Amino acid sequence: MENTQHNSEVMNRDYDLSGDSGRNLLVMVIQLCVSLVATIILYRLYFPDIHQSTLAQVAFPVAIFHMFRFIGMSVLMPGQLDKRISYTAKFQIAIGDLAVAISAVILTYFIVEGASESLIRILGWIFLAVCFADMANIQRFFTKEKFWNKEMGLTWLLQVLLAIPFLFGECVVLYKLIFS
C-alpha cells in the first residue's frame, strides 16, 4: 500500500509543472510574439494591397486556412492531451473546431462559385461569429484549466504556430466587412 502511494506521489510530481507555471506561460507568450511578427511579415509580403482587395479576395485565403480546423477534433483521441484536462474542455474544443471548419467550407464554396457580394458578406459574418465564439470558448478552458501547465504535445505547437495567423486573418476579414 505504501509503495503504491509512493509511486503515485512520484508520478504526480513528475507531471506537476505548477512550479514552472510562469516560465511555461512566458515561453508561450514569446512564441506568440514571434508568430505575430512572422504573420505580419507574411501578410505584407503576400497581400501588400489588401486594403484595395474585395471581401472575397481577402476572405478566401483565410477561409481556406480555417477549412482544416477539423483536425482539432483529434484532441478527443486518447493520449493527445493531458489526462487532467477535462473531457468537457476537449469535447467543446473539438466541436468548436469542427464548426469553424464547416463554416469555412461553406464560405469558400460560395466564394469559388461566384456568389453575390451580399451572400459572401452574410457568410463572412457567420464565419467570424463562429471563429470568435470558438476562440472565446478555447481561451475560457485554456485559462481555467491552465493548459500551459499540462502535457499538450503537438497541440502546443499548433496553438503557438497557428493561433496568431488565424486571429490576424479573422481581423482582416472583419476589417473588410466593416469598412468596405
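Here is a quick tour of the helices, salt bridges, cysteines and hollow spaces in this structure. Keep in mind that the model is predicted. The chain is built from six helices and has zero strands, so reading from the N terminus the elements simply go α-α-α-α-α-α. Of the 180 residues in the chain, 35% are buried. One place to start looking is Arg69, which shares a network of salt bridges with Asp97 and Asp134.

**Helix α3**

- Helix α3 covers residues 55-66, twelve residues in total, and at 1.5 Å a residue it should span 16 Å. The C-alpha atoms at its two ends sit 16 Å apart, which agrees with that expectation.
- Quite a list of residues in α3 is buried: Leu55, Ala56, Val58, Ala59, Val62, Ala63 and His66.
- Look down the axis of α3 and those buried residues fall within an arc of 155 degrees, so they line one face of the helix.
- There is a general reason to expect that sort of pattern: an α-helix has 3.6 residues a turn, so residues three or four places apart point the same way.

**The Arg69 network**

- The model has three salt bridges, and Arg69 takes part in a bridge with Asp97 as well as one with Asp134.
- Between Arg69 and Asp97, the closest N and O atoms are 2.9 Å apart. Arg69 is in the loop between α3 and α4 (87-112) while Asp97 is in helix α4, so this pair ties together parts that are 28 residues apart in sequence.
- For Asp134 and Arg69, the closest N and O atoms come to 2.3 Å. Asp134 belongs to helix α5 (residues 117-144) and Arg69 to the loop between α3 and α4, so here the parts tied together are 65 residues apart in sequence.
- Are the members of this network buried or exposed? Arg69 is buried, at 10% relative accessible area. Asp97 is buried too, at 7%, and Asp134 is buried at 4%. Each value is under the 20% cut-off for a buried residue.

**The salt bridge within α5**

- The side chains of Glu117 and Arg121 also meet in a salt bridge, at 3.9 Å from N to O.
- Both Glu117 and Arg121 lie in helix α5, four residues apart, which is about one turn of the helix.
- Glu117 is partly exposed, with a relative accessible area of 39%.

**Cysteines**

- How many disulfides does the structure hold? The count is zero.
- As for exposure, Cys33 is partly exposed, with a relative accessible area of 46%.
- Cys171 also counts as partly exposed, at 38% relative accessibility.
- Cys171 lies in helix α6. Measuring C-alpha to C-alpha in the model, Cys171 and Phe132 are 10.0 Å apart in space, and they are 39 residues apart in sequence.

**The second largest pocket**

- The second largest pocket holds about 370 Å³ of space.
- It is lined by 17 residues, and the closest to its centre are Thr39, Leu42, Tyr43, Phe65 and Pro165.
- Which helices each supply at least two residues of that lining? They are α2 (21-46), α3 and α6 (154-179).
- Helix α2 gives the most to the lining of this pocket, with eight residues.

**The cavity**

- The structure holds one cavity of 30 Å³ or more, and the largest cavity has about 30 Å³ of space.
- The residues that line the largest cavity are Tyr43, Phe47, Ile50, Gln57, Val58, Pro61 and Val62.
- Helix α3 gives the most to this lining, with four residues.
- Two of the cavity-lining names, Val58 and Val62, also appear among the buried residues of α3.
- Tyr43 turns up in the lining of the largest cavity and is also one of the residues closest to the centre of the second largest pocket.

Terms used: Residues numbered from 1 in each chain as written. Predicted model: local features only at pLDDT ≥ 70, side-chain atom pairs only at ≥ 80, totals over all residues. Heavy atoms only, no water. Expected span 1.5 Å × (residues − 1). Buried < 20%, exposed > 50% of the residue type's maximum accessible area, 1.4 Å probe, protein only. Arc of directions from axis to C-beta. Salt bridge = Lys/Arg side-chain N within 4 Å of Asp/Glu carboxyl O. Disulfide = S-S within 2.5 Å. 1 Å grid on protein atoms, 1.4 Å probe; cavity = no way out; pocket = protein on both sides within 12 Å on 5 of 7 lines; lining within 4 Å. Points joined across faces, edges and corners; volume = space filled by probe spheres on them.
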